[in-house]
Amino acid sequence: MESSASRSLKISVRALVERFLRSGDLVIDVWDSTHPIAAIRAHQKIQKSRPPEYTAEVPIAIELDRQGCHLEIGGRIDGVYRDSDRVIIEEIKTTRQDLSEMKERDNIRHWGQSQVYSHLYNLCFDIVPVETHLTYYQLDSRKALTLKRCFEASELEVFFNALIDRYILQEQQLGRWATLRNDSIISAGFPFGAFRKGQREMAVAVYRTLRDGKQLLAQAPTGIGKTMAVLFPALKALAEGSTEGLLYLTARNTGRITASETFRTFREKGIHIRHLELTAKDKICFNPEKACNGEDCGFARGYYDRVDAAIDQLLEVEALNRETIETIAQKNTVCPFELSLEGTLIADAVVGDYNYAFDPRVTLRRLLLEENRQFTFLIDEAHNLVDRSREMFSAEIEKSQFLGLRRQLRKQLPGLARKLSAINTQLLKIQRTLEGSETTITQTSQPDHLLPSLRKFIHAAEPWLPFKASREFPFREALRELVFTVNRFLRVADEYNETYSTIYTRGGKDLKIRLFCTDASPQLNAALRQARSTVLFSATLSPAQYFTQVLGLEEESDKVRLPSPFPPENLCLLIANSVATTYARRESTVDDVARNIAAFVEARTGNYLLFFPSYEYLNMVETSLNRDFPHLEMLAQSPAMDETERAIFLEAFQQSSDHSVIGLAVMGGIFGEGIDLVGECLTGAVIVSVGLPAICAERQLIREYFDRQETSGFDFSYTYPGFNRVLQAAGRVIRSEHDRGVVLLIDERFGSYRYRSLFPREWKPVHVRGPEQLKAVVQRFWKSHTMAERFP
């Protein structure tokens, strides 16, 4: 194992400057997220305008040994102009801010990049003096401003050495930590002594994936211990140098909690591991009503002058959870969210939402793109990433947003109000073309004629976004929110291609325009390529080929499908396939559904969850049960449940009772996955229908898109997502090796080959016809297990 005294270090010029060359206030605004395609085109435009002696995109790198470290630093110079007597190094930056502001503002990071590139060029080619040009291109006006400075070799060397010395000092500290961490991991055994059935096989598959730098799609049923089976081999790979860090991604708070508890278990067993939990900005912010700048927020004022001391304190802690980060942030008067982002650069493992790896608005850019670290993605409950990713890469605007803000601005900012009027005029024209048609219209092209008006609004709004300009105006937050919304819409418009469609929805006088991503696999594929290795795991990842395609995995990615670790005889799975639950038949069969449910829950006193595809269907069945079986105690999920109401709902299943508790919930919702009701807390579950998502414009567009790809559009849009909801709901019943339970599937389609081919191998379904047979089978199941417990 490599010691800290002989560490090999690699960093990009940009990352070096971003990490160590900073001072003053924290400023976060909409301009930080310049549209990437627009920025690339601007760079190319400037580069093409340069004389023949100019060379664009010049790669440069050097290696040097210093303080016992071997360092490689490099990057790509935007442009080099060289003739017989001088060299010009050009750094190009795009902006939406006024060029006069860029001229007045001395951006030390931008100049710092230019200086480091100039020094590297001087070292490689021994050319002095070097002139540096910092060129700003204004995306809206399409004008450029070039600032010029000339540096002597000696001052470039001093500047460079100061940055490198700070970098090496921090890396040596991290190196000493890595040695301690790796020694503790290598000497540690599996925390629980023995593996569960299937857990070792999953752990081996994960280890090999990380070792070989590959991708793995792992379907592992409930009870295997997926989190431990993923994280334990990942730590072993980390200690052996197969990866330089772990990014554990999850869709739900329950997944984050489970991961953090697993890291705590490791530490209790003597493993040193520094993990950081990312908390959403709106939850961790100390001043949510204020803008992120030094004039408005005290935690942003002078942030960069105090953050290094806060980072030093983070280095003293292994469990960087929300409470720890908030405490250190308060102590040093720095923004807690930005401090947590700083912490990702020193953590061995980061736990956070999918957004931090995939959503271009909040991705951990410094960690994943600029620090040259070979990371591993560990993606929990990966089936959720399909729909979440479509939302990440979609955007929408509404006509009412522009009208509402225009009314506020009309008197105080008439010029900006006129820009909003121009947008409203364009939207009215679109609205008129849709009159007489259906409420929702879809097209495979975007509204190109609308985009110039949106860009003009963004440019006109720019002077009023800074705190100084708008502190007295009540419209300030509304303006910022609309700028963010429009900026996102324009970003998506830049990416619009054959994987997108446009949805126009009329509602009264309002009009909504949605740029909908029907297939996010290209963007996911690009994001996954940032990782050295990736493990995607869930209890429901079938069919594997479907998930491979929609999640953007490489065709040669590995797949593993593990059987349930529990005895199949512990689950009684029944199918009432004589009842039709299609939308057209629901009203005529709702009483049949209710009778089957009543027979099921009356067969044994206990706690039951009933799952439905929609709230409408849930309410229909609840009404029928209340009318015909008033003795049944029921509680129902509602669409607007807050955390307290959810807790009360689940608490009803934790209490012992002499009568049955019946909960009605929606498939795919908060009670359909991610909850653990172990032992007597849950006796059984009823799943009504095959869980197809509701028919809507988005689902139909997905279907049509995949039909054009010569795959089964209906399956990709409806069948597979729906059945994964069924599997998640059924998985609530058996949560441990001691659990026994019953599951009832109600829908005639469950008897068809299309659905039977999707059943897990361990399912042994019993088909029942009518409530009487259903009740008898359930009672027989419980009687047999009672006898087995008495006479083992």
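**How many disulfides does a search of the whole structure find?**

Let's work that one out, along with a few others. First, some ground rules: this is a predicted model, where local features need pLDDT of at least 70, side-chain atom pairs count only at pLDDT 80 or more, and totals for chains, interfaces and linings use all residues. Residues are numbered from 1 along each chain as its sequence is written, and side-chain values use heavy atoms, with hydrogens and water left out.

**Exercise 1. Settle the disulfide count and look at Cys297.**

Step 1: get the criterion straight. A disulfide is a pair of cysteine sulfur atoms within 2.5 Å.
Step 2: run the search over the whole structure, and you get 0 disulfides.
Step 3: check Cys297. The closest cysteine sulfur to that of Cys297 belongs to Cys285 and sits 6.3 Å away, too far for a bond.
Step 4: add the surroundings. Cys297 is buried, with a relative accessible area of 9%; buried means under 20% relative accessible area, exposed over 50%, and partly exposed in between (1.4 Å probe, protein chains only). Cys681 is buried too, at 15%.

**Exercise 2. Find out how far the confidence scores can be trusted along the chain.**

Step 1: recall that pLDDT is the predictor's confidence in each residue, from 0 to 100.
Step 2: take the average, which is 90 for the chain, with 95% of the residues scoring at least 70.
Step 3: look for the weak spot. Residues 1-5 have a pLDDT below 50, and beyond near neighbours in sequence this stretch makes 12 contacts in the model. Contact means heavy atoms within 4.5 Å.

**Exercise 3. Work out which side of helix H10 faces inward, and what lies there.**

Step 1: locate the helix. Helices (H or I, at least four residues) and strands (E, at least two) are DSSP runs, numbered from the N terminus. H10 covers residues 303-314, 12 residues in total, and spans 16 Å from first C-alpha to last, close to the 16 Å expected at 1.5 Å a residue. That expected span is 1.5 Å times one less than the number of residues.
Step 2: list the buried residues, which are Tyr303, Tyr304, Val307, Ala310, Ile311, Gln313 and Leu314. They cover an arc of only 150° around the axis, so they lie on the same side of H10; the arc is that of the directions from the helix axis to the C-beta atoms.
Step 3: name the packing partners. The buried residues of H10 pack against helix H4 (108-125), strand E10 (319-320), helix H11 (322-332) and helix H12 (336-343).

**Exercise 4. Trace the open sheet that E10 belongs to.**

Step 1: write down the order. The 8 strands run E10-E9-E11-E8-E12-E17-E7-E18, with parallel pairing. Two strands pair if DSSP finds at least two bridges between them.
Step 2: pick out the edges, E10 and E18 (558-561), each of which pairs on one side only.
Step 3: zoom in on one pair. E9 (residues 275-277) and E11 (residues 349-353) run parallel and are joined by 3 bridges, with Leu276 standing opposite Val350 in E11.

**Exercise 5. Compare the faces of strands E13 and E23.**

Step 1: keep the general rule in mind: in a regular strand the side chains alternate between the two faces of the sheet.
Step 2: apply it to E13 (residues 395-398). Ala395 and Ile397 make up its covered face, Glu396 and Glu398 the uncovered one. E13 runs antiparallel to E16 (residues 510-517), joined by 4 bridges, and Leu515 in E16 is the bridge partner of Ala395.
Step 3: turn to E23 (residues 684-688). Here 5 of the 5 residues are buried, so E23 is largely enclosed by the rest of the structure. One side has Gly684, Val686 and Val688, the other Ala685 and Ile687.
Step 4: find the strands paired with E23. E20 (residues 607-612) is parallel to E23 through 4 bridges, and Leu610 partners Val686. E24 (residues 741-746) also pairs with E23 in the parallel sense, over 5 bridges, with Val688 opposite Ile746.

**Exercise 6. Place Pro563 and describe its surroundings.**

Step 1: Pro563 lies in the loop between E18 and strand E19 (571-576).
Step 2: Pro563 is partly exposed, with a relative accessible area of 40%.
Step 3: leaving aside neighbours within four places in sequence, Pro563 contacts Pro221, Ile224 and Glu762.
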